[in-house]
Amino acid sequence: MKPNLLIKNALRILTMDDQRRELSGVDILTRGRTILMIGKNLPEEDARVLDATGCVVVPGFINVHHHLVQTLTRNVAAVQDAKLFDWLTYLYTVWRHLTPDAVAAGAEVGLAELLLTGCTTTSDHTYLFPGGKSAELIDRQIDAAHRLGIRFHPTRGSMSVGLSKGGLPPDDCTQEEDEILKDCERLVKAYHDPTPYSMCRVGLAPCAPFSVSAELMKTMAQQAKKWGVGLHTHLAETIDEEIYCLERYKMRPLDFVESVGWMEGNAWFAHMVHLSPDEVRRLAQTRTGVAHCPSSNMRLGSGIAPIREYLDAGVPVGLGVDGSASNDSGDMLAELRQCMLVHRIRTGVKSMPARQVLWMATRGGAEVLRRDDIGRIAQGKAADLAVFDLTGIDYAGSLSDPVAALLFCGSSHRTKWTIVNGNVVVENGRLAHHDEDAIAARANKFAAGLLEKAAAYKA
């Protein structure tokens with residue numbers, strides 16, 4: 001039995017329950033992997049006490065779109081000012097040299113950064129398998145997630161249509177579709193756990209309409225239904241993608257994925273920047289989820305997704321940091337702040353309150369991933385909590401509304417404690433059980449090696 005945790009004296013607890021209650025003067029008691037009770041003067045015996053004086057406690061954030069391997073190619077000079085298709089075309093030449101060890105190192109960095117900034121559940125989308133071989137890349141990421149202690153939703157991505165077939169990626173970055181399907185089945189059987197409080201659930205995730213066939217998209221939808229897993233892909237991210245779909249399929253991106261069986265309530269799409277009002281309505285009707293990635297969309301100049309319209313229509317929306325090469329940061333709290341600010345430009349200063357963003361990052365993400373055991377602080381829910389200390393100088397003067405202060409203020413976004421499945425994995429702003437300096441050094445070694453190999457390959 002795991003030891004109990006008792007969180008006492010919090011300045012504010014943001015429950016994210018159905019009433020959206022914010023509590024003061026109460027404690028949180030966890031037992032094992034779940035929240036046992038919330039109330040005053042809870043028993044301290046057999047519990048480790050965490051004194052949260054001056055802190056805000058929130059449900060652990062949920063990141064619904066990421067590419068962990070891309071932590072190794074952040075801030076690459078050649079594509080700092082590129083738009084999506086040009087950015088991808090260049091980075092394919094680097095990513096084709098990925099190895100299992102490099103993938104593991106990138107995963108450690110990405111997962112650690114998320115945990116340190118309050119994220120307790122993350123998805124991932126790995127879609128490039130060098131030389132057409134899976135090489136157990138996703139297995140290595142699952143192992144890293146297990147060691148670091150984060151709740152993980154890996155999705156088995158794929159690319160099958162290379163340049164010679166009219167796609168975007170080089171042919172040596174694609175795989176045969178039979179091999180893709182075999183590896184998808186292997187991963188689902190080996191790792192997918194559909195039970196409550198699961199620490200690992202696997203999804204199927206063809207990369208995008210410009211790198212897979214319509215046949216593969218359709219087959220993936222059928223297999224996802226058969227295996228009871230989720231579907232994920234990039235969609236409607238750029239105008240270039242829209243043009244590609246119109247030329248190749250004579251359909252807009254959303255019409256295309258609907259035609260291959262992807263609008264049946266078990267899918268979520270990353271980005272969704274360029275949609276019509278009718279398409280927004282169809283997303284809501286089918287309960288199709290959206291992974292909103294504001295930093296990435298701005299970084300690549302892709303546009304600002306119509307998130308206010310999605311929320312008003314009832315579309316499930318969660319937040320994603322996206323790949324750390326198109327955001328260059330996996331700071332989850334920074335992504336919340338970015339979301340709050342950018343939509344005040346698009347739809348007005350009152351259109352995106354801080355609490356709306358916090359809802360998307362917790363309850364919204366849980367709905368997108370089709371989970372009801374995470375994303376809120378309530379009895380019987382998973383003991384996934386992020387505790388932020390507001391006693392520092394960067395929060396001074398902000399405590400009239402400590403909840404909103406998380407987004408409006410603060411220069412250091414690290415938690416005081418991050419708790420996942422009842423385990424303290426971040427303590428006083430540092431990983432509790434791992435050497436951050438060693439993780440960073442290992443990643444830098446592999447990052448340098450990738451760029452060296454790419455330069456030699458092109459020469």
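Which residue stands opposite Ile28 in E4? In this predicted model, the residue opposite Ile28 is Ile7. The pair belongs to an open sheet, described below after the overall fold.

The protein chain contains 14 helices and 19 strands. Its C-alpha atoms fill a box of roughly 65 × 45 × 40 Å along the principal axes. The radius of gyration is 21 Å, which agrees with the value near 23 Å for a compact globule of 459 residues. Buried residues account for 62% of the chain. Long-range contacts are well represented. Of the contacts between residues at least 6 apart in sequence, 75% join residues at least 24 apart.

The open sheet has 4 strands, in the order E5-E4-E1-E6, with mixed pairing. Strand E5 (34-39) and strand E6 (47-51) stand at the edges. Each has a single partner strand, so one side of each lacks a neighbour in the sheet. From one strand to the next, the twist averages 20°. E4 (residues 27-31) and E5 run antiparallel and are joined by 5 bridges. Within this pairing, Asp27 has Gly39 of E5 as its bridge partner. E1 and E4 also pair in the antiparallel sense, over 3 bridges. Here Ile7 faces Ile28 of E4. E1 and E6, by contrast, run parallel and share 5 bridges. In E6, Ala47 is the bridge partner of Asn4.

Strand E1 (residues 4-8) has 5 of its 5 residues buried, so the rest of the structure largely encloses it. Burial extends to both faces of E1. Asn4, Leu6 and Lys8 lie on one side, and Leu5 and Ile7 on the other.

Helix H5 comprises 14 residues, 214-227. At 1.5 Å a residue, it should span 20 Å. Its end C-alpha atoms are 20 Å apart, in agreement with that value. The buried residues of H5 are Leu216, Met217, Met220, Ala221, Gln223, Ala224 and Trp227. These residues pack against three strands and two helices: E10 (151-158), E11 (203-206), E12 (230-235), H4 (177-191) and H7 (253-259). Gly228 follows H5 and has a positive phi, near 70°.

H5 also takes part in a salt bridge through Lys225. Its partner is Glu264, with the closest N and O atoms 2.5 Å apart. The pair links distant parts of the chain. Lys225 lies in H5, whereas Glu264 sits in the loop between H7 and strand E13 (267-271), 39 residues apart. Both Lys225 and Glu264 are exposed.

In total, the structure holds 35 salt bridges. One of them joins the side chains of Arg442 and Glu108, at 2.7 Å from N to O. Arg442 lies in helix H14 (residues 436-458) and Glu108 in helix H2 (residues 100-116), so this pair ties together parts 334 residues apart in sequence. The two ends differ in exposure. Arg442 is partly exposed, at a relative accessible area of 35%. Glu108 is buried, at 7%.

A salt bridge within a single helix connects Arg308 and Asp312, whose closest N and O atoms are 3.0 Å apart. Both residues lie in helix H10 (residues 307-313). They are 4 residues apart, which means a separation of about one helical turn. Arg308 counts as buried, at 18% relative accessibility. The cut-off for burial is under 20%. Asp312 counts as exposed, at 57%. Salt bridges also form a network, which links Asp255, Glu258, Asp278, Arg281 and Arg282.

Ser295 is located in helix H9 (residues 294-299). Its relative accessibility is 10%, so Ser295 counts as buried. Leaving aside residues up to four places away in sequence, Ser295 touches Ser326, Asn327, Glu335 and Gln338.

Notes. Residues are numbered from 1 along each chain as its sequence is written. This is a predicted model: local features need pLDDT of at least 70, side-chain atom pairs count only at pLDDT 80 or more; totals for chains, interfaces and linings use all residues. Side-chain values use heavy atoms; hydrogens and water are left out. The expected span of a helix is 1.5 Å times one less than its number of residues. Buried means under 20% relative accessible area, exposed over 50%, partly exposed in between (1.4 Å probe, protein chains only). Contact means heavy atoms within 4.5 Å. A salt bridge is a side-chain nitrogen of Lys or Arg within 4 Å of a carboxyl oxygen of Asp or Glu. Two strands pair if DSSP finds at least two bridges between them. Axes are lines fitted to C-alpha atoms, for helices over the stretch in contact, and angles run from 0 to 180 degrees between N-to-C directions. The radius of gyration is taken over C-alpha atoms; the globule rule is 2.2 Å times the number of residues to the power 0.38.
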